Structure formats: C-alpha cells, structure tokens
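Subject: Structure handover

Hello,

Here is the structure I said I would pass on. Please look through it first; my notes follow below.

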Amino acid sequence: MAKAERELVLVDGRSGAGKTQWATEMARSTGLLLISLDDVYPGWDGLDAGHWRIYRECILPWSQGQLGVLRRWDWQTMAPGSEITVSPDSSLIIEGCGALSTWTSPHATSRYWIDADDSVRRRRALDRDGEMFAPHWQRWALQEERFYALHRSRELADSIIAT
C-alpha cells in the first residue's frame, strides 16, 4: 500500500477574521496537526519573527523530511516557553497572521485566506482577548498591513473564506 502524501495547509487573514476557529474545525474533521502562530510570536511586535520561525524551524525541516522544533512563546512570562516538535510524517495546518507568504506558499498543498469586515474583526479580537489585546490593536494592525503588502498573502490563497 502506498504511503499517503503529507499535507501542509496554510490559513491566514487579519486578526479577528476567524482563522483559529476555522482551522480548529478543519483539524478536528481531518485529523491534521494544528499549529497556531499565536503560540510562536515572540510578543506584540513579533509578527515577522513568528513568521520567520514557523518557516525556518517548522516548514523547511518538515518539507525536507526532518523533525521540526519550534519554541513556544509564554505570554504570561513574556519569555520563550516549551518546545513543539513536528514529525516529518505529520500533515499540518498552520494558522495565524503571517502563515501565508511568498516563502511558505510554495511548500503548501492548500492555502486559505479568512476574511471578515474590520468592525467584526475588531469586536471578535477584543471579545476573545479582552483588555490584554486592546492597547495593542493598532500596533498589531500596522504589522499586518506591512506584512501583507510585502507578501500579498491574500493573492497567494487558493480559497478566500468569508466569516
């Protein structure tokens, strides 16, 4: 019997668009391993660093049949936390702002952009993260704008999902 091809599903979109919920439901229905960039960003100014780490420490080794090892970010202590290991045999869903880029896209089997109106996104993000996120909303949004202008992530998507 032939071994099934591994999958790499990338799920991206602006903060509060519904990426995590959508990707969690997909992981539950498919059995794919879910990795969230929220677990990897090194703080509120870490979109680029989180993207780079998921690419260098997870996607590249995985694509070469090697074990990926990522260091989580501990948001309570604002310091590096425990490790996430990614088997080269695993099929993956990676979700979060910065998951889909000119670097990560060529390795993916499926690419999704999750979309929602700005007012809906802000309400969802603040309902989810409350006062912890409120002072950082604009700061994070500026990182998203710069990242998405550079990588044109929405245009790299195979499918755009409105939530």
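A residue counts as buried when its relative accessible area is under 20%, as exposed when that area is over 50%, and as partly exposed in between. Please keep in mind throughout that the model is predicted.

Arginine 124 has a relative accessible area of 29%, so this residue is partly exposed. Arginine 124 belongs to helix α3. Its contacts, apart from neighbours within four places in sequence, are Gly16, Ala17, Gly18, Ala116 and Thr163. With one of these, alanine 17, there is a polar approach: a polar atom of the arginine 124 side chain lies 2.7 Å from the backbone oxygen of alanine 17. Between arginine 124 and serine 15 the C-alpha to C-alpha distance is 8.7 Å, although the two are 109 residues apart in sequence.

Serine 15 also appears in the next item, the largest pocket. This pocket holds about 450 Å³ of space. It is lined by 21 residues, and those closest to the pocket centre are Ser15, Thr20, Asp38, Arg128 and Asp129. Two elements, α1 (19-30) and α3 (118-129), give two or more residues each to the lining. Sorted by class, the lining consists of eight nonpolar, six polar and seven charged residues.

Now the interior. In soluble globular proteins, nonpolar side chains tend to be buried together. Here the largest nonpolar core contains 25 residues, and Leu8, Ile35, Ile54, Cys58, Leu92 and Ile94 have the most contacts inside it. At least two core residues come from each of β1 (8-12), α2 (47-63), β4 (79-86), β5 (92-95) and α4 (137-151). The element that gives the most is α2, with five residues. A second core, separate from that one, has 11 residues, including Val9, Ala23, Met26 and Leu32.

Leucine 92 touches members of both cores. Beyond its neighbours within four places in sequence, leucine 92 is in contact with Glu7, Leu8, Val9, Leu32, Leu33, Ile35, Cys58, Trp62 and Val86. Of these, Leu8, Ile35 and Cys58 are in the largest core, while Val9 and Leu32 are in the second.

One last residue: is histidine 151 buried or exposed? Its relative accessibility is 7%, below the 20% cut-off, so histidine 151 counts as buried. Histidine 151 lies in helix α4, and α4 is among the elements that supply the largest core. Leaving out neighbours within four places in sequence, histidine 151 is in contact with His51, Ser101, Thr102 and Leu156.

Regards

How values were computed
Residues numbered from 1 in each chain as written. Predicted model: local features only at pLDDT ≥ 70, side-chain atom pairs only at ≥ 80, totals over all residues. Heavy atoms only, no water. Core = buried A, V, L, I, M, F, W, Y, C linked by side-chain atoms within 4.5 Å. Buried < 20%, exposed > 50% of the residue type's maximum accessible area, 1.4 Å probe, protein only. Helix = DSSP H or I, 4+ residues; strand = E, 2+ residues; numbered from the N terminus. Contact = heavy atoms within 4.5 Å. 1 Å grid on protein atoms, 1.4 Å probe; cavity = no way out; pocket = protein on both sides within 12 Å on 5 of 7 lines; lining within 4 Å. Points joined across faces, edges and corners; volume = space filled by probe spheres on them. Nonpolar A, V, L, I, M, F, W, Y, C, P; charged D, E, K, R; others polar. Polar contact = N/O pair within 3.5 Å; in protein donor to acceptor, adjacent residues only side chain to side chain.
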